[in-house]
Protein chains: 2
Amino acid sequence: MTKLKSWIPVDITSDFSIYNLPFGIFSTENRSPRIGVAIGDKVVDVLKVYNLGVLSPKVLKKEIFDNLFLNDFIALGKSVTNEVRLQIQDLLIQEQSLLKNEPDVLVEQAKCTMHLPVRIGDYTDFYSSIEHATNLGSLFRDPDNALLPNWKHLPVAYHGRASSIYVSGTPVIRPNGQRVPKGEINPVYGPSTLLDIELEMGFIIGKDTEMGESISTGRTSDYIFGMVMLNDWSARDIQKWEYVPLGPFLGKNFASTISPWIVTLEALEFAKIEAPKQDVEVLDYLKCERLNYDIELHVDYTPNKGIVKRISVSNFKYMYWTMSQQLAHHTVNGCNVRVGDMMASGTISGPTPESYGSLLEMTKAGKHKIVFEDGMERTFLQDYDAINLSACAVKNDIRVGFGECKAQIIPAK
Amino acid sequence: MTKLKSWIPVDITSDFSIYNLPFGIFSTENRSPRIGVAIGDKVVDVLKVYNLGVLSPKVLKKEIFDNLFLNDFIALGKSVTNEVRLQIQDLLIQEQSLLKNEPDVLVEQAKCTMHLPVRIGDYTDFYSSIEHATNLGSLFRDPDNALLPNWKHLPVAYHGRASSIYVSGTPVIRPNGQRVPKGEINPVYGPSTLLDIELEMGFIIGKDTEMGESISTGRTSDYIFGMVMLNDWSARDIQKWEYVPLGPFLGKNFASTISPWIVTLEALEFAKIEAPKQDVEVLDYLKCERLNYDIELHVDYTPNKGIVKRISVSNFKYMYWTMSQQLAHHTVNGCNVRVGDMMASGTISGPTPESYGSLLEMTKAGKHKIVFEDGMERTFLQDYDAINLSACAVKNDIRVGFGECKAQIIPAK
C-alpha cells in the first residue's frame, strides 16, 4: 500500500488516519446536521467541500450532503461514494490543496455533536461467533452439546428493533420488565437486575435489492457500505423469561448503541485476513473465500465513580460466519434489503476469557466478579456505570479505527 | 349511534360505509400517490378536498396530503386526524356539499392503484391468540402442556422485517431456503415445500414516544391510529429448522401482505366487545378493562385455476391479549415507538377448526387435506394459488370493513 500523508497533523494513535476517512453526520452550534469525514481530531465539512466545486461526480447535489442521514449519499452507489472519499483524501494530501485556504471546512471534533449516521430501516442481529454461541450453550444447556444442530449449517439470526438504536454518548435507561426471581415460578415487575453488554460490529447496507433477489457470496461487497461498532445492551433476566419460543424481545429492544463513524469496507481492505475454517460443509449458496477482517476490539468498563478497566480484548477475525455469508443467507429467501439497514455480528467472543464479549460470559453468569484497580467489584452493570467499545485495524504504519461507542447507564424510570 | 347517510350511493354490502372512512395512499394514471379516503366504490381525493379550502385544522399543509405515505398526516395527532375524518364525513353527508360540484374529487376505486399506506419503521408480531398458541404447542410439543410458562404472564412477541411488508395485490414469490427432509439430519436447499398463511390484524402507531417512556394501558388508544389486515406468509419447513434459539427469521421475512386501507380506531368504536377472561392474574402494568373488537375475519382460498373456497371464519374478539396490553407491554421497558410502526396480533385462531388462522392448524400439519368444490385438494400453498383475507365489523345497520388483503403465490426464483 502506498504511504500517504496528510498536511493535517494526525497523531499516530488516532483512529482517523488518512487511510480511514469514515463518514458520519455532525453538527456544531452554528451548523445543522450534515455529512462529515473524520481526519485526526478534525471533521471535514463535506457540504463545504462540495460548495467549493471540487467534488467531480456529476450526480452529486447539495441536498445529498446537507442531510440528516447518509442514506441518500450511500444510495448513489460505491462508484460515487468511493470517488468522493478518494477525492477528499487527495485534498487532504496535496500540498497545494484548496482546503488549506478554507479554514471553515475543518471543524474540531471536540466541538461537534455526532448524530446517528443512517436512518436504519431494519436491524438484523446474527449470532455468528462460535465461541459466544458455545459459551452460552454451555451455560444454559449442555456443555457437551453446546451448539444447536442448525448452528454450523446457517448463520442464525433474528430481527432487532431499529427505533431504539442510538448514537454513542446517548445515556441508556435501565429497563423495567418481568423477571422470575430464583426459586420462584411467577414473575415480578421491576428494573432489570442483570443488565449486560454485547460487544458487536455491524455493517451498513449500501444498495437496495428487490423482493425475490438474492445476493450471492461473490457479490456481497457491492452491498456493504461500511462498518460500525455496536453495543447491544441486554437485560438477561427479562430475556431469560420472555425468549421462548420466539426469541429475544424486551430484553434487547430498549437500547442499542452504535459508533457515529461508518468506516468504509474499502478502508478496511488492508486488514483482510483468513476466516476460521468451517468444519461442517455448508450448502453451495454459503460457500465462498474464507475472508475476514483483522479488527481488534476492546471493552472498557468505568464503574460509577470508579477507575476504568479494560475488561476484554477480542477480534472481529474470530467470526465463524463472515459478513458475506450472513448477507447471502439473509437474502437467499428473497428478503429485500435497503440502503441503511444494519446487520450485526452478534456478540464477538474470542477463545479465552480475556476475549469474551459479554459480562454473562466473563462472569460465568454472575459467579465470578470483575475486580477493578481500586477494589470495586461488578458482575452486571450498576447505575451510572459506563462502557466504551473501541475497535481498530492496524498493520505496519496503517491504522484504521472506529472511534468511540460509549454510554452510561442511568436508573430505571 | 346516529344514523348517517351519504349522498354517494353505498351498497349495504360495502366495507366502506359512511361510518368507516379509512385512510390510504392511492394513485391513478394521471395522479401521483396521495392520501385518499374510501367511500363505497369511490376514493375521496383528500388533496383536492384540501385545495378547496374546506378542511379547517390550521396545521394542515398541501405536502401532508400530497405524500407517498400517511406518516406525516398521522403525526399531526388524533385531534387533527379525527377532525379531518369527521369533516370529510360531513362533506359526504350534506345535501349542499361543495364536493358535489367537484366531480374530480371522487375517483373510482377500480381505476386506482393502492400503495403501502405507511412507511413502517418497525414491525412487531405478537402471538396473542390462545387458541393458536395452544394448537401449535399441541402439534409440536405436548398437548397437555401446550402453552409455555410465560404465555399467560406476558404477550409473547418478536420483531419482524419491515422492508418486506407489501400492499395487497403484490404477488408473493415462493422463498428458497434450508429445510431438513423427514428422517434426515442435514439440510437441503430449495424452494419451501410448506408455504403457509397467517391470518392476522395489525395496528398502526399514531404517536411517537421517547426512550424510557412507557404507555400505560389506559392511554394506549391515543397511540393507536388504526388497524389493517395482515397475511404473515410463513415457510414452515424453513422456520422449523432455523428458529432455535432466536426465533423465526427467513421462514417469515420474505413477505407479509397488508390491506391498503387503515381503518381508524374511532370507526371501530361501535364494535367494542368484552375480551376473553384471563385466568392467570397479570402484573399491574398489564391490568385494564377487558375490551376487544368484534371483527369477523375470513380466509378465502383460490387454488391455481380452481374455485374459491372460504376456508376459515375467525374473529378478532378471540384475542387473549388485547392491543392495549400489547402496547403497554412493548413499551414497559422504555422501548420507543414511532408513528407508522406496525404491531400485529399473531395468527388469530378461534375455538373450532373452522376458525383456525393457518393451514398448519387447519390441516393438522399436513395430515388432513382441504378439499375444494371441484375436488382439488391442498395442504399447503402451491404455485399460483391465491389467498384473500377480509374483515368486517357489523352491528345493526352499521358495517365497517377492511377491503381486500390478497396475494398470489408465484414460483421460486
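In the predicted model, the buried residues of helix 5 of chain A pack against helix 8 (359-362) of chain A. Helix 5 spans residues 130-140, and its buried positions are Ile130(A), Glu131(A), His132(A), Ala133(A), Asn135(A), Leu136(A) and Gly137(A). Helix 8 of chain A also bounds a loop that runs to strand 23 (370-371) and contains Ala365(A). Ala365(A) is not a glycine, yet its phi is positive, at about 60°. Most residues other than glycine have a negative phi, and most peptide bonds are trans. Because its relative accessibility is 37%, Ala365(A) is classed as partly exposed.

Helix 7 of chain B (residues 323-331) is mostly covered, with nine of its nine residues buried. The buried residues are Met323(B), Ser324(B), Gln325(B), Gln326(B), Leu327(B), Ala328(B), His329(B), His330(B) and Thr331(B). The cover over these residues includes strand 6 (123-126), strand 13 (199-205), strand 14 (224-231), strand 19 (291-293) and strand 22 (342-344) of chain B.

Two buried residues on strands of chain B were examined through their contacts. Arg34(B) belongs to strand 2 (residues 34-39) of chain B. It counts as buried because its relative accessibility is 9%, under the 20% limit. Apart from neighbours within four places in sequence, Arg34(B) is in contact with Gly24(B), Ile25(B), Phe26(B), Asp45(B), Leu47(B), Lys48(B), Phe65(B), Asp66(B) and Asn67(B).

Tyr166(B) is located in strand 8 (residues 165-167) of chain B, and its relative accessible area of 15% places it among buried residues. When residues up to four places away in sequence are not counted, Tyr166(B) touches Met211(A) and Asn336(A) in chain A, together with Leu116(B), Phe254(B), Ala255(B), Ser256(B), Thr257(B) and Ile258(B) in chain B. Between Tyr166(B) and His115(B) the C-alpha to C-alpha distance is 8.5 Å, at a sequence separation of 51 residues.

A cis peptide bond is found from Val244(A) to Pro245(A), with omega near -5°. Pro245(A) lies in the loop between helix 6 (236-242) and strand 16 (256-258) of chain A. In chain B, the bond joining Val244(B) and Pro245(B) is cis, with omega about -5°, and Pro245(B) is in the loop between helix 6 (236-242) and strand 16 (256-258) of that chain. A positive phi, near 70°, occurs at Tyr384(B), a residue other than glycine. Tyr384(B) is part of the loop between strand 24 (377-378) and strand 25 (386-395) of chain B. With a relative accessible area of 39%, Tyr384(B) is partly exposed.

At the level of the whole chain, chain A contains eight helices and 27 strands. The radius of gyration of chain A is 21 Å, which agrees with the value near 22 Å for a compact globule of 413 residues. Its C-alpha atoms fill a box of roughly 70 × 55 × 35 Å along the principal axes. Of the 413 residues, 62% count as buried. Among contacts in chain A with a separation of 6 or more, 72% are between residues 24 or more positions apart. The exposed area of chain A is about 15900 Å², of which carbon and sulfur atoms supply 51%. Chain A carries 42 positive and 50 negative side chains, and the centres of these two sets lie 2 Å apart.

Chain A is divided into domain 1 (23-115) and domain 2 (123-410). Over C-alpha atoms, the centres of the two domains of chain A are separated by 30 Å. Contact between them involves 17 residues of domain 1 and 17 residues of domain 2.

Technical notes
Residues numbered from 1 in each chain as written. Chains lettered and ligands numbered in written order. Predicted model: local features only at pLDDT ≥ 70, side-chain atom pairs only at ≥ 80, totals over all residues. Heavy atoms only, no water. Helix = DSSP H or I, 4+ residues; strand = E, 2+ residues; numbered from the N terminus. Rg over C-alpha atoms; globule rule 2.2 N^0.38 Å. Buried < 20%, exposed > 50% of the residue type's maximum accessible area, 1.4 Å probe, protein only. Contact = heavy atoms within 4.5 Å. Areas by Shrake-Rupley, 256 points an atom, 1.4 Å probe, with all protein chains shown as cover. Lys, Arg positive; Asp, Glu negative; His and termini not counted. Charge placed at Lys NZ, Arg CZ, Asp CG, Glu CD. Domains from an automatic or database assignment.
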